[in-house]
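Subject: The structure I promised you

Hi,

Here is the structure we talked about, ready to open in your viewer. Have a look, and then read on for what turned up when I went through it.

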Amino acid sequence: MKRVLSGIQPSGELHLGNYLGAIRQWVPLQDQYECFFTLADLHALTSLTEPSDLQRFLHEQVVTYLSCGLDPDKAVIFKQSDVPHHAELMWILATVTPMGLLERAHAYKDKVAKGIGSTVGLFAYPVLQAADILLYSADLVPVGKDQKQHIEIARDIADKFHTRYGQVFTVPEPMIPEEVAVIPGIDGQKMSKSYNNAIPLFASDEQLKKLVMSIITDSAGVADKKEPVGTPLYEIFKLINPEKAEQAAQMLRAGGYGYGDAKKELLSALQDFLSPLRAKRVEVEKKKGYVEEVLQDGARSAKAESGKIMDRVRKLVGL
Ligand code: ADP
Ligand code: TRP
């Protein structure tokens, strides 16, 4: 059976982009593949500085994984830092990774351009991600489009290792849902935990309303005819409810229908879209000790699996 591995760093509240671009795709994969889903807390240290934030986001993320339909009976759900092999393999991979490969990474360049201080950790982030993937011999890595380059870097690092020491890793393929591409945030840039433009999956009704109403639009008036394709309002709406989005689009094009009207429609569609996730969340939170148990079991399975590759790697490099 083919292997799947993916993960998200607990660096903020999970949002619609994370769900549509990543987590939603993971759910059906659990029935077809052997799946590993990690909470990449070591990665989160490259952007978080407050320990209590990390703890809070981590807990929130496990609850979100479970509320979105990830199932510990079908997949291994684990915290990256519970498995020391990730940091160990990262170091070994770093010794075969050319600087130039990382210097070309968009995510690193973007983050530095956004003012996140540049550290060795931030620079080496893709090497840790490569370790995450290669430790589990993952064939497929389901992620959003923005992660494509990181998977390509993981492939390159595996090749470099193989050239020097011999074959041991499975060279992974990215799995990217084409129809989703990159979901815009309320300001029109990529929706991201770190850009303050996200619609959190578990926002309160009040917060949801505020966010939807503040989605950026141009200044065309109610009476004007407006072309919505390509605007964040339409692009988000289309993914939430394509039929209603199309109706709103037609009315915007005809004129006499304002952006505010379309936003109200989107808000109601969004509430319907999120309601099963909210219901599942209530169920998950009812079970006392469940989250801790899921992580303990996940850590045990992940350690056992990654230990096999790690033993072979140590031998190959002469440790
Ligand atoms: P963020 O940018 O919010 O920190 P991450 O980089 O942690 O998000 O991404 C976690 C997963 O969610 C990845 O698979 C990523 O591709 C996906 N993802 C994040 N933001 C978006 C988006 N705006 N559109 C599509 N997918 C996204
Ligand atoms: N870098 C990924 C992101 O920001 C998170 C991640 C960490 C990941 N390790 C991974 C994704 C391994 C896929 C596979 O979304």
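Let me begin with the domains. The assignment splits the chain into domain 1, made of 3–182 plus 290–317, and domain 2, which runs over 203–282. Where they meet, domain 1 puts in 12 residues and domain 2 puts in 8 residues. Measuring between C-alpha centres, domain 1 and domain 2 are 33 Å apart. Do keep in mind that this is a predicted model.

Now the chain as a whole. It has 13 helices and 5 strands. Its radius of gyration is 21 Å, and the globule rule gives 20 Å for 319 residues, so the chain is as compact as a globular protein of that length. Along the principal axes, the C-alpha atoms take up a box of roughly 75 × 45 × 40 Å.

A few totals that you may like to have at hand:

- Of the 319 residues in the chain, 51% are buried.
- Among contacts with a separation of 6 or more, 79% are between residues 24 or more positions apart.
- The accessible surface is about 14,900 Å², and carbon and sulfur atoms hold 52% of that.
- There are 38 positive and 41 negative charges, and their mean positions are 2 Å apart.

On to single elements. Helix α10 covers residues 232–240, and 8 of its 9 residues are buried. The buried ones are Pro-232, Leu-233, Tyr-234, Glu-235, Ile-236, Phe-237, Leu-239 and Ile-240. Note that Glu-235 is on that list of buried residues. And what covers them? The cover for the buried residues of α10 includes α1 (16–29), α11 (242–254) and α12 (259–286).

Next, Val-291, which sits in helix α13 (residues 290–317). Is Val-291 buried or exposed? Its relative accessible area is 9%, and the cut-off for buried is under 20%, so Val-291 counts as buried. Leaving aside residues up to four places away in sequence, Val-291 touches His-59, Val-62, Val-63 and Leu-66. One of these, Val-63, is 228 residues from Val-291 in sequence, yet their C-alpha atoms are 7.1 Å apart in space.

Lys-210, in helix α9, makes a good counterpart to look at. With a relative accessibility of 66%, Lys-210 counts as exposed, because exposed means over 50%. Lys-210 and Glu-103 are 107 residues apart along the chain, and 39 Å separates their C-alpha atoms.

Finally, two backbone angles to check if you plan to go through the loops. Ser-137 has a phi near 50°, which is a positive value in a residue other than glycine. Ser-137 belongs to the loop between α7 (120–134) and β4 (140–142). Asn-196 also has a positive phi without being glycine, in this case near 60°. You will find Asn-196 in the loop between β5 (173–175) and α9 (205–213). Asn-196 is exposed as well, at 75% relative accessible area.

That is what I have for now.

Cheers

Terms used: Residues numbered from 1 in each chain as written. Chains lettered and ligands numbered in written order. Predicted model: local features only at pLDDT ≥ 70, side-chain atom pairs only at ≥ 80, totals over all residues. Heavy atoms only, no water. Helix = DSSP H or I, 4+ residues; strand = E, 2+ residues; numbered from the N terminus. Rg over C-alpha atoms; globule rule 2.2 N^0.38 Å. Buried < 20%, exposed > 50% of the residue type's maximum accessible area, 1.4 Å probe, protein only. Contact = heavy atoms within 4.5 Å. Areas by Shrake-Rupley, 256 points an atom, 1.4 Å probe, with all protein chains shown as cover. Lys, Arg positive; Asp, Glu negative; His and termini not counted. Charge placed at Lys NZ, Arg CZ, Asp CG, Glu CD. Domains from an automatic or database assignment.
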